[in-house]
Each structure stands twice: as structure tokens, then as C-alpha cells.
Amino acid sequence: MKEYHSLTAYFRESLGGHGLDWANQPLPFKRYLHREPIPLPSPTLPKTSLEDLLKDHPPRPEPDQPKPDANLLAGCLLMAGGITAHTPGVPNSPGLRSWASAGALYPCEIYMVATEVQGLKDGLYHFTAETPGLHLLWEGKLARTASKILGQRPQRLTFFITTLFWRSLWKYSSRAYRYCLLDTGHLLANLELSLAAAGLEVKTCLDFADVSAGVFLGLATEDEATLATLTTGGEPDDPGPEDPGLPPFDRQYSPLSAKIGRDSLLLKTHKSGNLETPEPGRLWPEQTSPEQAMTCPEPARFEGPLLEAIKKRRSRRNFLARPLEQDLAGAIIRASLPRRSPIRAMLLVSPGGEIPGGKYLYHPKPNLMEPREATADFGRLLGRACLGQAWVGQAGIAFVLWGNLNTLINENGLRSYRHAMIEAGKAGQRIYLAAQALGLGCCGVGAFYDQETNQVAALPQGGDSLYVVATGHVKGRKK
Ligand SMILES: Cc1cc2nc3c(=O)[nH]c(=O)nc-3n(C[C@H](O)[C@H](O)[C@H](O)COP(=O)(O)O)c2cc1C
């Protein structure tokens with residue numbers, strides 16, 4: 001995994017770039033040959049405030065959890081993965097979704113096992129953002145089967161987030177696996193928050209049995225793989241049999257393009273992290289407190305419901321050279337990472353504001369910012385390190401999400417690379433939503449020269465940059 005990350009690093013002197021094969025641009029929707037999508041029932045859209053949701057990781061449920069029904073589920077699916085805008089001036093635009101996705105390629109799909117959900121037949125479904133609707137892939141009580149793949153108690157709802165690698169490979173070649181994992185994190189954060197907004201307790205599981213998940217969902221294993229799962233909704237009265245019998249054979253879908261590309265490095269890397277049997281959830285260590293640090297500033301309140309932030313969230317890159325007020329910075333920083341995490345955040349704070357410009361290591365547990373370098377004239381260098389995307393260097397704060405991959409993998413196994421990258425993607429989506437609610441702009445940055453970014457961010461020896469997320473005041477927003 002560390003090898004994969006190194007092999008797919010961008011270097012200024014060797015970044016060739018390849019032309020895009022427009023004739024084989026992959027379809028961003030999965031269309032089944034033998035299934036018509038069932039229209040979504042009219043959605044119940046929870047109005048829970050973002051302030052209540054972003055405080056906790058995972059977001060905290062209501063004390064009395066509702067029993068999920070089809071309308072609530074429709075609302076959560078639309079919020080997590082629906083189309084929220086169309087690109088102006090692009091005829092037949094496939095739409096922009098509620099989750100940020102590298103290159104707007106949307107490699108991820110959502111599947112869900114529903115059991116005893118009022119208004120919905122029991123079974124395995126695929127959510128399509130296109131119509132939007134549900135494909136019923138396998139009718140029956142499947143909660144117990146799904147739970148065995150995850151190694152968890154059966155629940156009324158089990159979600160699987162998969163990735164069709166080709167959609168991202170088409171543009172990013174071998175580096176695509178990074179984007180697939182980051183994108184999964186973005187979608188997963190939306191799903192966790194939307195279900196929690198509906199009052200449900202969510203449990204995310206990344207350590208499921210890979211091959212069993214693929215067979216269960218009917219995936220063409222080389223091209224599509226499960227990257228995350230989540231359960232919620234409480235235990236059903238009847239979770240179904242131990243063995244549900246043979247899965248249906250007619251789950252083929254239209255090819256994404258005439259030619260489907262594969263990448264041996266990506267596949268090898270993905271498979272090396274596979275698990276044969278599910279493993280219990282991991283408890284990442286809490287970080288030790290630094291000797292010299294400042295408390296992260298008191299946070300501003302997030303205005304409005306999650307729903308508004310999700311509907312209006314967009315990537316905004318037109319940053320103003322204006323520092324971030326400390327309460328806005330405090331709110332965004334706290335929303336980013338949980339107390340226990342496989343990754344860390346280095347905060348690159350622009351000069352001239354209430355928080356002295358410089359580089360800070362964030363410690364979520366005691367909520368501290370540890371100054372690492374007082375130099376604040378990194379903007380130009382950061383823009384250069386991000387493949388010349390100068391606007392990154394203008395942002396009020398750039399988060400460099402990073403990990404020491406050697407140590408992480410040596411201590412926690414190959415699967416931990418997925419954990420690290422998905423966590424970085426989740427942090428990215430949460431930063432986007434926080435920025436949206438605070439009247440700020442935000443944009444994820446996956447395109448960077450790795451070593452230059454490590455240096456500009458002053459990462460400790462052995463630290464690897466995983467993802468950069470820039471946020472701050474932008475032209476045309478209210479604050
Ligand atoms: C993992 C990831 C990496 C991204 N990298 C870049 C980048 O390097 N440069 C950029 O301008 N936008 C980047 N973006 C933003 C996407 O281009 C954007 O999310 C996509 O076009 C959809 O638009 P929206 O975010 O407004 O919905 C990235 C997004 C993600 C999730």
C-alpha cells in the first residue's frame with residue numbers, strides 16, 4: 001500500500017499526463033439490463049440542524065430512534081447521493097451530485113438491504129441517482145446474510161458503497177485508487193449525516209469480507225468492489241435465514257463504455273487489502289497531547305439544516321486573499337476529524353488574521369492546535385505544489401490530511417490504507433458542508449506533487465500527504 005502510494009506520487013519532472021479517450025468516457029450511472037428502476041417514494045427530508053450533526057463522529061442519533069420507512073429512506077438516499085445541480089451550458093449534463101467527486105466522475109454506487117422497512121418489499125436494492133430510483137436486485141429477507149458479511153448483528157438497513165474503478169481510471173490512471181477511496185469517504189460522510197439527521201444510529205464498517213460482499217451484490221469483481229458498509233435502523237423481528245439460497249443470475253448491466261480499462265497496479269493494491277472474513281471494528285489510538293499548543297478557537301454556530309448545506313454545496317475556488325475569522329476557523333477545524341483517527345491534519349493558516357499565520361498540527365482529542373512553523377508565506381509554494389492550482393494558496397486555511405503510511409500499515413495491516421484514505425475523504429466532505437453553512441468556499445484537491453506538498457506542509461519525517469482541502473472566503477458568498 002505504501003508502495004502503491006509512492007508509485008502513484010506525482011513528481012514535477014515526470015508528470016506526463018495522458019489524453020482522455022472521449023469515445024470511451026464511462027457512463028456515470030449503472031443501468032441494469034433486466035431491471036427497471038422503481039421510482040423513489042416521495043421523500044421525507046429531515047430538517048435536523050447541521051450544528052447538531054457535525055459535533056460528533058459519527059453523528060449522534062435521537063434518543064428514540066424512528067423505525068425507518070420508505071419515505072425516510074428515499075430522503076436519506078437523495079441527500080447522500082442525489083443529483084443537486086446541472087452544469088450550466090452542458091447539454092445532457094449527467095448532473096452534479098450531493099457529494100464532491102474528483103473530476104465529477106462519480107465512481108461510487110449505493111446498494112442497500114432493507115428488511116421490515118414500511119412501504120418497501122424486503123430485499124437487496126441498488127440506488128440510482130439517474131431517475132432517481134431503486135433497482136430491486138434480490139427479493140427476500142436478507143438482513144442475516146448481509147450481517148454475516150459485515151460480522152455484525154442484523155439491522156433493518158445495511159448499506160454497501162462500491163466503486164466502479166474504470167470511471168476514475170479513465171482520467172487518473174493508476175492514481176485512481178486514491179480518488180476512489182477519497183470519493184467513497186465523501187459519499188459515506190453524506191450517508192452517515194443524512195441517516196443521523198433522520199434520527200438513526202449509524203455504524204460504519206470497513207472491515208467486511210470482500211469476496212462475499214461482491215458475490216452478494218452481484219459485482220463483476222475485477223471492475224467493481226465494495227469499499228464501505230454501514231448498518232442502521234435497529235434489529236428486525238425476522239432477519240431471514242442463515243442461507244438465503246442462490247443469488248439471482250440476471251444482474252448484468254450496460255457496459256460503462258465500449259472499451260473498459262483495467263489497471264494491474266490498482267487491482268493488485270486493492271486485492272492485497274482484502275479480508276476473507278470480517279474483522280471487529282478498530283479503535284484507533286488517541287494522540288498524545290503536545291507540550292506547547294493553543295486551544296482551537298471557540299466555534300461559530302452552523303446556520304441551517306444539513307439539508308440546505310447538502311443541496312447548495314459546490315466546489316468554490318475563487319478564494320479572496322482574506323484570512324478566516326477565528327470562530328469560523330474553529331468551527332470548521334472541529335468538524336473535520338474525530339478524536340480517534342488513522343490520519344492527522346496539518347492546518348496551513350494564511351497570514352494577517354486573528355490566528356497567527358503558520359502551520360499547525362491539529363489534535364482533535366484535547367482540541368489543540370500545535371504550532372509547527374511560524375512561516376506564513378507558503379501560499380505561492382502550496383499553489384505550485386498543487387500542480388500550479390494557485391487558488392489553493394489563497395485559501396484562508398488549507399487542510400493537508402496526512403498519515404505515516406509505513407507505521408500505519410506495519411502496525412495495522414494493509415487494510416488500514418483504505419481506512420486512512422476513506423477517513424480523509426470523510427473529513428473532506430464534512431469540511432465542505434461546514435464551509436457551506438458558514439458562507440465560505442471550499443474545494444478538495446487530489447492533484448498535488450506529493451513530496452513538495454509534504455515539504456510545504458512541514459509534515460514530520462515519514463508523513464505522507466493523502467488529500468488537501470482548501471477553505472476560506474470566496475467571491476460572491478455572503479460572509
Ligand atoms: C477527491 C477529490 C479530489 C479533487 N481534486 C480536485 C483538484 O485537484 N482540483 C480541483 O479543481 N477540484 C478538485 N476536486 C473537486 C471536484 O472537481 C468537484 O467535486 C467536482 O467537479 C464536482 O463538483 P462539485 O463539488 O461542485 O459538486 C476534487 C474533489 C474530490 C472529491
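Select first the second largest cavity, which encloses about 50 Å³ of space. A cavity here is a set of points, on a 1 Å grid over the protein atoms alone, where a 1.4 Å probe fits but cannot get out, and lining residues have an atom within 4 Å of a point. A volume is the space filled by probe spheres set on the points, which are joined across faces, edges and corners. The model is predicted: local features need pLDDT of at least 70, side-chain atom pairs count only at pLDDT 80 or more, and totals for chains, interfaces and linings use all residues. Residues are numbered from 1 along each chain as its sequence is written, and side-chain values use heavy atoms, with hydrogens and water left out.

To display the lining of this second largest cavity, select F165, W166, L169, E222, D223, G261, R262, D263, L266 and L267. Helices α5 (165-172) and α8 (264-272) each give two or more of these residues, and α5 gives the most, with three. Helices (H or I, at least four residues) and strands (E, at least two) are DSSP runs, numbered from the N terminus.

Keep F165 selected and add Y4, Y177 and Y417; these four form one aromatic cluster. Rings of Phe, Tyr and Trp (its six-membered ring) pair if their centres lie within 6.5 Å, with planes under 30 degrees apart counted as stacked, over 60 as edge-to-face and the rest as tilted. The whole structure holds 10 aromatic pairs. One of them, Y4 with Y417, is edge-to-face, at 6.1 Å centre to centre and 70° between the planes. This pair joins α1 (residues 2-7) to α13 (residues 416-437), its members being 413 residues apart. Y4 is buried (under 20% relative accessible area) at 2%, and Y417 is buried at 0%.

Move next to W138 and F216, a tilted pair at 5.5 Å and 50°. W138 belongs to strand β6 (residues 133-139) and F216 to helix α7 (residues 210-217), 78 residues apart.

Then turn to the largest cavity, with about 90 Å³ of space. Among its 13 lining residues, R97, C108, E109, F127 and A129 are the closest to the centre. Strand β4 supplies the largest share of this lining, three residues.

From R97, proceed to Y106: R97 lies over the face of that ring, 4.6 Å from the ring centre. A charge sits over a ring if NZ of Lys or CZ of Arg is within 6 Å of the ring centre and within 35 degrees of the ring normal. Finish at R175, whose charged end sits over the ring of F448, 5.0 Å from its centre.

How values were computed. On a 1 Å grid over the protein atoms alone, a cavity is a set of points where a 1.4 Å probe fits but cannot get out, and a pocket is an open set with protein on both sides within 12 Å along at least five of seven lines; lining residues have an atom within 4 Å of a point. Buried means under 20% relative accessible area, exposed over 50%, partly exposed in between (1.4 Å probe, protein chains only).
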